[in-house]
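These are my notebook entries from a session spent with the model open beside its sequence. I wrote down what I looked up, in the order in which I looked.

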Amino acid sequence: MGPTAGTTGADGRLSDAVRLSRLRDTGMLGHPPYPSLDRLAHAAAHQLRAARAVVSLVGADDRTVAGQSGPPPEHTFCRLVVDSDAPLLVCDARTDERVAGHPAVAGGIIAYAGFPVRSPDGYPLGAFGVLDNRPRDWEPRELLLIEDLAAAAESEIALRASEHEQAATVRRLRGMLDNAPDAHVAVDAYGVVTGWNAAAERLFGYPAGEAEGRPVADLIIPDRFASAHAAGLARMHSGGMSTLVGKRVELCARKRDGAEFPIEMSLLQHDGGFHAFLHDISDRRTGQRQLEHERAFLQALLDSLDTGVGACDEDGRLTLFNQALRDIHGCSARELPPDDWPRAYDLYHPDGRTPLRPDEVPLARAYAGERVDHAELMIAPPGQSARRFTVNARPLETPDGHRLGAVVAMHDITEQRQAEVFREVLLAVARGLADAHSAGEAADCTVAAVCAGLEWALGEFWQVNGDRIDRVGSWAAPGHAVPDRPAHVRWGEGLAGHIWAGDSELWLPEVLDDPRTVLRAAQVRAAGLHSAIGVPVRSDDRVLGVLLFFTAVPQEPDPDVLDLLDGVCAHLGRHMERRRAEDLALELARVKDELVGMVSHELRNPLSAIRSYSETLLDDPQLSDEQRNLAEVIDRRSTHMQHLVDDLLDLARLEAGQLHIDPQPLSAARLIRETLQAQEPAAQAKGLTVTAGVPRHLPVLADPVRLRQVLDNLVSNAVKYTPDGGAVTVTARLAGDVVIEVADTGIGVPADEYDRLFERFFRASNAVRQGTKGTGLGLAITKAIVDAHGGRITAAPAAGADAGSVFTVVLPASHD
């Protein structure tokens, strides 16, 4: 009796999931009876002289007859056998309470002997039963025969289940191979194809039926590789192993149309044959070529950059220098540990003297995960000029954070930084010269700006003074001052005198090597000075002085630095000449003002006496007509000269701030009308049309005497310079301020001369050519008066006219 599986009763064992799984694994459900099981059933019925025998497979709700002898009954007691997992013997079903009411009894089954048919692991799958339509007592030998036949049925069912499993396995394997993306080609020891899946059909173009049974060399191996294939088969026949087994190799294969293409093959050796799994790598090869092209393009692109680019891999090894970086360092990337990078590549801090530590190298910082932006460093190979770089560096990481290495980009900013320094030096010099009030201040600021910008130790300015040159300005960095420096030297003496005499630049990389420093050699050595640079300061062909500098470290001659110093000398030379010219101009202005003042005062008294005498003569009734006419000429000329002297005195007092202005609220309209009335005779004499557009009340804050003087000057000029028959227009308005305009249709002013109309003694060129008399003082005085009121005056061509001018005066309005 086999083991019981599951529970019994209430169909518990019949519904057991494991039992039903074993039943399905036989593959016999739903199939017609099997001949082998039919023979076992026939043997049982024949040997026991029974009406029928049946082999039943019992499911949860149904039954399959797997073998039979005689007509299969509609109902049997096999479910009871399976449910109890034990033999069932019924001698007379009509009287046996175990099967009372069972539908098999109604179907004519009177006697029954059934034994369980089990799976190899003991689960009841069905029953082997012998049925009779009459009562009978089952003898032991009969039961042994049925039990043996049931065991034979178990073996047969197990064999069927094994075949079913093998078939299923084959189908699964075939399905896997047919659905595999890679081609599968199986060949025997002689190279004949024994397996060819659907992927192989698609890949090579041969259907499986056509490929199987043919030598694989005739199908997919190019002719040039046929001998190598044959040699491999021969080696295997002689007991060797294929050199390709267990490897993934790339080969060339051939399609049905003869086209060759690359494949990747994995080869397994089994049972004297081979299984090859083949994959078309045309796309991969294309991708590889594309990748190689992109790498070449990237390398060419990197090499075309003027920025140095380098990289290290995930192990911190230098793997890439582009051409610019190779040029910078004079070598390619070398597999050096990061600790050796500063020494191997001459990396220094921005001061150019302090070597970088390994952990300060930007690429090493990026490799450690830091993002480096705009770091500065110097590369200073021994015996070569140092170069300054700004550096950016980044870690290289995958999206999931895996570190691939780091990359660095180096921009050479040596010339840019030098240009910035030079520009700052020139700006500092210009700013200092602009603020300087003396030659000494100018010299001090100049040498200080140059030394600070170029990091030089000592600077001096020597100014030519007759037959000697004097040190008038100096600056020294701490620890580099030279005591007891001479205050002046002769022509050709010392460095300053030598540069003055030679009128040319001088650059001594080591000043102590030159005998011209003998004046203070010991002091120069004690101050730690090395190079000396001197340039003359010129004005045209004349040397005004010498700029002399010393450095704390030896420096080779640099043409760019000499160009900078030439520019500084030009600034300083122009400043010295400008100061000299300004001093001369001030002196001339002072002399001129004194002359004008003196002349005005000296003329005023005689003119007053002349006018007094002329008025007395004119009052004498005894004068003849000729004498009276001469007296009137004297009176007119003296009056004109008196006005000229008054104008000169007024202008002098206004410019000196000594003319008193007493602004007060008044009506500008009244003053305008009075001015026009005063000029009416002169206008009528020339036939001029005088038009006024003035409101009744025009409140202005002004000195009435001086405002009347402004109006008289403007209106009298308009009348004087307007030809006969012309027009003069005076308008006024209140627009926040008081605006007064005097326009005429006169001879006008050349466009490029309007800006000079208010200068002293200036007269328009066309007025001079036409012989119109004037002193050039009226408008200068007018502007001085308007400025003193806090107003403004402008002149412009008259709008819409071929000639003529318009003068506009703006004065503060009165709000009282």
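How much space lies in the largest pocket? I noted about 1400 Å³ for the largest pocket, and I add at once that I am working from a predicted model. I then went through the lining of this pocket, which comprises 34 residues, and wrote down those closest to its centre, namely Met 378, Ala 386, Arg 388, Leu 454 and Gln 555. When I sorted the lining of the largest pocket by element, those giving two or more residues were β15, α14 (414-435), α15 (439-454) and α18 (559-618). I recorded α14 as the source of the largest share of that lining, with six residues.

**The sheet that holds β15**

Since β15 had come up in the pocket lining, I looked next at how this strand is paired. I found an open sheet of six strands, antiparallel in its pairing, and I copied its order as β12-β11-β16-β15-β14-β13. The edges of this sheet are β12 (318-321) and β13 (347-348), each of which pairs on one side only. Within the sheet, I followed β15 (residues 387-397) against β16 (residues 403-412), and these antiparallel strands are joined by nine bridges. As a register mark for this pair I took Thr 390, whose bridge partner in β16 is His 411.

**Enclosed space**

I then asked how many cavities of 30 Å³ or more the count would give. The count comes to two, and the largest cavity holds about 170 Å³ of space. Its lining has 15 residues, and I listed His 329, Leu 347, Val 361, Val 408 and Met 410 as the closest to the centre of the cavity. The elements that contribute two or more residues to the lining of the largest cavity are β12, α11 (323-329), α13 (362-367) and β16. I noted here that β12 and β16 also belong to the six-stranded sheet entered above.

**Other strand pairs**

Moving to β17 (residues 458-465), I found that this strand pairs with β18 (residues 468-476) in the antiparallel sense over eight bridges. Leu 458 has Ala 476 in β18 as its bridge partner. The two strands form a hairpin with two residues between them, and in this hairpin Gly 466 takes a positive phi near 70°. I also recorded that β17 pairs with β22 (residues 542-550), again in the antiparallel sense, over six bridges, and that Gln 463 stands opposite Gly 545 in β22.

Earlier in the chain I looked up β6 (residues 183-187) and β7 (residues 193-196), which run antiparallel and are joined by three bridges. In this pair Val 185 stands opposite Trp 196 in β7. The hairpin of β6 and β7 has five residues between the strands, and Gly 191 in the turn has a positive phi of about 85°.

**Towards the end of the chain**

I placed Arg 760 in the loop between β27 (737-744) and α22 (765-770). Is Arg 760 buried or partly exposed? I entered Arg 760 as partly exposed, because its relative accessible area is 29%, which falls between the 20% and 50% cut-offs. Although Arg 760 and Leu 777 are 17 residues apart along the chain, I read a separation of 5.5 Å between their C-alpha atoms.

In helix α23 (residues 778-788) I marked Leu 779, Ala 780, Ile 781, Thr 782, Ala 784, Ile 785 and Val 786 as buried. After α23 comes Gly 790, with a positive phi near 80°.

**Cysteines and whole-chain totals**

My search for disulfides ended at a count of zero. I looked at two cysteines for their accessibility: Cys 331 counts as partly exposed because its relative accessibility is 21%, whereas Cys 451, at 1%, counts as buried.

I closed with the totals for the protein chain, whose secondary structure comes to 23 helices and 29 strands. Of its 816 residues, 42% are buried. Among contacts with a separation of 6 or more, 56% are between residues 24 or more positions apart. The chain exposes about 42800 Å², and 53% of this area is supplied by carbon and sulfur atoms.

Methods
Residues numbered from 1 in each chain as written. Predicted model: local features only at pLDDT ≥ 70, side-chain atom pairs only at ≥ 80, totals over all residues. Heavy atoms only, no water. Helix = DSSP H or I, 4+ residues; strand = E, 2+ residues; numbered from the N terminus. Buried < 20%, exposed > 50% of the residue type's maximum accessible area, 1.4 Å probe, protein only. Contact = heavy atoms within 4.5 Å. Areas by Shrake-Rupley, 256 points an atom, 1.4 Å probe, with all protein chains shown as cover. Disulfide = S-S within 2.5 Å. Pairing = 2+ DSSP bridges. 1 Å grid on protein atoms, 1.4 Å probe; cavity = no way out; pocket = protein on both sides within 12 Å on 5 of 7 lines; lining within 4 Å. Points joined across faces, edges and corners; volume = space filled by probe spheres on them.
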